[in-house]
Amino acid sequence: MDAKPIMDIPTGLFIGGKFVDASDGERFDVMNPATEQVLTSVASATVDDGMKALDAAEAAFSDWAGRTPRVRAEVLRKAFELMMAEQERLARIITLENGKALSDSRSEVAYAAEFFRWYAEEAVRNLGDVMRAPSSGARILVQHKPIGIAVLVTPWNFPAAMATRKIGPALAAGCPVVVKPASETPLTMLALMPILEKAGVPPGVVNILPSRSSGALVDKLLHDPRVRMISFTGSTAVGRKLLHGAADNVVNTGMELGGNAPFIVCADADIDAAVEGAMIAKMRNIGEACTAANRFYVHEEVHDIFAARLTDRMRRMKIGNGLEEGVEVGALVNAETRDKVEHFVADAVAKGAEILTGGEPVPGKGYFYAPTVLVNVPDTAECLRDEIFGPVAVLQRFHSEDEMISRANDTEYGLVAYLFTKDLKRGLALSERLEYGMIGLNRGLVSDPAAPFGGVKQSGIGREGAHAGLMEFLETQYISVAW
Ligand code: NAP
C-alpha cells in the first residue's frame with residue numbers, strides 16, 4: 001500500500017478485519033479542497049472486492065447476531081467513548097478532506113459519536129409483543145430479528161455522521177455491514193475503523209470499500225441474495241437508481257435523499273431568534289447539508305429588517321482554510337460544487353435578484369464562496385427548485401399564510417421546513433400543513449440522534465435515529481403459538 005501517510009489514517013480497503021489493497025491494485029487521490037492539493041490516495045474497491053466483503057460479512061453474521069444485546073451495546077458504548085477521545089484528530093481529518101471549518105467538524109464528530117451512544121442504549125430495547133388472537137385464542141408472538149447484511153452508502157457532506165447514523169443501529173440490531181463512503185471523503189471512515197476495532201467490533205462485522213466505481217460495485221452488491229438492506233444517504237437521482245436496483249431482489253431500502261428546505265419567518269416572529277436560526281439552518285456546514293435552508297419566505301412586514309440583520313451577520317463571517325482557528329466558512333468540497341453555487345447566483349441575478357452581500361467566489365486557491373444574501377429573487381430562479389448546497393440565502397416575501405404554505409409545499413422534496421413565529425398555536429397549526437418529515441419550529445437545527453430523521457415525498461423512505469432507526473435493521477417475525 002504505497003500512499004503518502006497522513007495522520008496515521010489507513011488507506012486500504014477494510015475487509016474481514018484487515019486493511020488490504022484493491023484486487024486490481026487501483027487507487028484514487030483524495031484532495032484538500034482548501035488548497036487543491038492531493039492529501040493521499042486510497043485503494044479503489046472492485047466488484048471482486050465487494051464479493052470478498054460480502055463473504056466476510058456472511059462469515060461474521062451469526063456470531064455477531066448471536067451475541068447478547070448487552071455485549072453489542074457495550075461495544076457501541078466503547079466506540080462512543082473512543083471517538084470522543086479522538087474528537088480533535090477526527091475533526092481535523094474531516095476538515096482536511098471535506099473543507100468545512102474545524103468548528104463544524106468538531107460538532108460533526110460529537111453528533112456522529114452520539115449515534116453510537118444512542119444505539120448502545122437502543123440495542124437492549126428490541127421489544128416484541130405477545131397477545132391472544134381475538135378469534136382463535138392462539139398466542140400471537142412477535143419478535144424482531146436482524147434483517148441481514150446491510151450495504152451502507154454515504155455522502156461526503158457529513159463523512160462521519162452519515163456513516164455512524166447507519167452503523168450504530170445496524171450493529172445494535174446484529175447486522176454486519178459493508179460501507180461505501182463517498183469518494184471525496186473516504187479518509188474519515190477509514191480513520192474510524194481502528195476505533196471500531198478497538199471498541200471490540202469483530203472481523204467481518206464492518207467492512208469498508210472506498211471505490212471509484214461506485215455504480216458497478218453497489219449494483220453488484222445489491223444483486224447478491226445475501227444482501228437484505230441498502231441504506232443510502234445522498235442525492236435523489238442516485239437514490240432513484242438504487243431503488244430500481246433494489247427492486248430486482250426485493251431488498252429493503254432506507255433512503256435519505258435531497259431536500260429543498262423552506263425557512264419561513266412570520267410577521268410575529270422574534271427577528272433576532274429567526275436570524276440566529278437562519279445562521280444555523282443556512283450556514284452550518286457552509287450550506288452543504290440536505291437540511292440547509294434553501295428558500296427563505298419572509299412576511300412582507302418584517303422582510304427588510306430580517307434581510308438587513310441576516311446580511312450583517314453573513315458579511316462578518318470569517319472565510320478561510322478550515323484548519324485555521326476562528327474560521328467559520330471553509331472551502332466547498334470541490335470545484336463542481338463551487339461552480340454550481342456560482343451558476344445559481346448568476347442565474348438569479350440575471351433574472352432580477354439583488355445581491356445584499358457576497359455573490360462571488362473567493363479568488364485564489366481553494367473552492368471558497370463568499371456568504372451571500374439575495375433578495376427580490378424571482379420565482380423563475382433555478383435556486384428555488386434545486387439544492388444550492390452552498391452559503392447562499394435566497395429571500396422572497398410573502399403576504400398571506402395560505403400563499404406561503406402553498407409555495408413552501410410546491411416542491412418534490414419534503415425533508416425539513418423551518419418556521420418562526422412567537423405564537424405557538426399558529427406554529428403548530430402551520431407545521432401540520434407543511435408536507436415535510438421534520439419541522440424546526442423556532443429552531444434552525446433538527447438533527448438529533450434521539451429523533452426520527454427523514455423526509456417525505458422524494459426526500460426519502462424510512463427514518464434514521466431514534467428507535468425507528470433501529471427498526472430499519474430489524475425484520476419482524478410473528479409466531480402463531482398454541483400453548
Ligand atoms: P451522491 O452523488 O448521491 O453520492 C452519495 C453516495 O452515493 C456516494 O458514496 C457516491 O459515491 C455514491 N454513488 C454515486 N453514484 C452511485 C451509483 N450509481 N450507485 C451507487 N452509489 C453511487 O450525493 P453526494 O453529492 O455525495 O451528497 C450530496 C447529496 O446527499 C445531496 O443531495 C444531499 O441532500 C444528500 N444528503 C441527504 C441527507 C439526508 O439525510 N436526507 C444527508 C446528507 C446528504 P462516489 O462518491 O464514489 O460517487
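Reader: What makes the meeting of the side chains of Arg295 and Tyr436 a polar contact?

Author: In this predicted model, the side chains of Arg295 and Tyr436 lie 2.9 Å apart. A polar contact is a pair of N or O atoms within 3.5 Å; within protein, one must be able to donate a hydrogen and the other to accept it, and residues adjacent in sequence count only if both atoms are side-chain atoms. The pair therefore qualifies. The Arg295 side chain also reaches the backbone oxygen of Ala408, at 3.0 Å.

As to the basis of these values, the model is predicted: local features need pLDDT of at least 70 and side-chain atom pairs count only at pLDDT 80 or more, while totals for chains, interfaces and linings use all residues. Residues are numbered from 1 along each chain as its sequence is written, and side-chain values use heavy atoms, with hydrogens and water left out.

Reader: Why is Arg295 said to have no salt bridge?

Author: A salt bridge requires a side-chain nitrogen of Lys or Arg within 4 Å of a carboxyl oxygen of Asp or Glu. For Arg295, the nearest side chain of opposite charge (Lys and Arg count as positive, Asp and Glu as negative; His and the chain ends are not counted) is Asp410, 6.8 Å away. The criterion is therefore not met. Arg295 is nevertheless buried, that is, under 20% relative accessible area, where exposed means over 50% and partly exposed in between (1.4 Å probe, protein chains only).

Reader: What makes Asp272 and Arg309 a salt bridge?

Author: Their side chains meet at 2.8 Å, N to O, so the 4 Å limit is satisfied. The pair links distant parts of the chain, with Asp272 in helix α9 and Arg309 in helix α10, 37 residues apart. Helices here are DSSP runs (H or I, at least four residues), with strands (E, at least two) treated likewise and both numbered from the N terminus.

Reader: Why is Arg316 called exposed, and how is Asp312 classed?

Author: Arg316 has 57% relative accessibility, which is over 50%, so the residue counts as exposed. Asp312, at 35%, falls in between and is therefore partly exposed. The side chains of these two residues, Arg316 and Asp312, form a salt bridge at 3.1 Å, N to O.

Reader: How do you know where Arg92 and Glu88 stand in relation to each other?

Author: Both lie in helix α3 (residues 87-98), four residues apart, about one turn of the helix. Their side chains meet at 3.5 Å, N to O, and this pair therefore counts as a salt bridge.
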